[in-house]
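Visitor: I would like to learn how to read strands and sheets. Please show me on an example.

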Amino acid sequence: MALAMQRSSARPVFGAKKPAPVRVARSRASAVSVRADGAQVQVDIDKPLGLVLEQSNAAGGGLVVKSSRGNAAKAGIKAGDTIIYTSSFFGDELWPADKLSFTNNAVANCPSPVTFVFVPGENTKVNVKRLPKRPAPARFGRKLTTAEKALASHICVDCGYIYCDSTPFDETPANYRCPQCNAPKRRFVAYDADSGKSTGVAEGTLGTIATVIGGLLGIGVLAYLATSV
């Protein structure tokens, strides 16, 4: 999903070419990639984030971290750091973090974990308002191990997460949620690991289709009546 960005004829004030990542470290809360000049850090953080943001007053823009607790703190984000990218609504892209309300909505609705790119401390080098959108880190579509394939029984229709737990899926509690996108249990359908295909329709899908069809029929009836008068 593209983020609409305003064009400007002004010459960019900030922004040298981004150096390639040179070191990768891992923690329970995130996968951290530190760039060569140490200017930008990318982290994946599980929800709940424990992060409060506010609009930056720096010339380059961005969102300043007002407070960082829980998973955000474990990932290395500190108060005073500047967020320059976050996951999009569907988690398939990274969007520049230049508007507080828009970013908060995207982060609240995107699947967990949420990707953040931040600058330690105050932003003095990056013009966030002129940043392009970026592809999100590869996250879905992992290949199952032999052991996981033997246990695979259900798949989440919203994000593709495959249930491979030793506990039978039907015996999971009613409040079970997808660990990848937080979808409820009713959004899982049976999955055949050998063919890689799902069977059945997730609860709620038929209702949505019926609503759409009903709406189209209603529009057709109204159009017919309007032309018949």
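Visitor: How many bridges join strand 12 to strand 13, and do the strands run parallel or antiparallel?

Guide: In general, strands of a sheet pair through backbone hydrogen bonds, either parallel or antiparallel. In this predicted model, strand 12 (residues 188-192) and strand 13 run antiparallel and are joined by three bridges. One residue pair to look for is Asp 192 with its bridge partner Lys 197 in strand 13.

Visitor: Which sheet do these strands belong to, and in what order?

Guide: The order is 11-10-12-13, an open sheet of four strands with antiparallel pairing. Strand 11 (162-163) and strand 13 (197-199) are its edge strands, each pairing on one side only.

Visitor: Now strand 6. Is strand 6 enclosed or not?

Guide: Strand 6 (residues 82-87) is largely enclosed by the rest of the structure, because six of its six residues are buried. Buried here means under 20% relative accessible area.

Visitor: Which residues stand opposite Ile 83?

Guide: Ile 83 of strand 6 stands opposite Leu 63, and also opposite Phe 118 in strand 8. Strand 5 (residues 63-68) pairs with strand 6 over two bridges, in the antiparallel sense. Strand 8 (residues 114-119) pairs with strand 6 over four bridges, also antiparallel.

Visitor: What can I look for in the hairpin of strand 6 and strand 7?

Guide: Strand 7 (residues 93-96) is antiparallel to strand 6, with three bridges. Ser 87 has Leu 94 in strand 7 as its bridge partner. Five residues lie between the two strands of the hairpin, where Gly 91 takes a positive phi near 75°.

Conventions. Residues numbered from 1 in each chain as written. Predicted model: local features only at pLDDT ≥ 70, side-chain atom pairs only at ≥ 80, totals over all residues. Heavy atoms only, no water. Pairing = 2+ DSSP bridges. Buried < 20%, exposed > 50% of the residue type's maximum accessible area, 1.4 Å probe, protein only.
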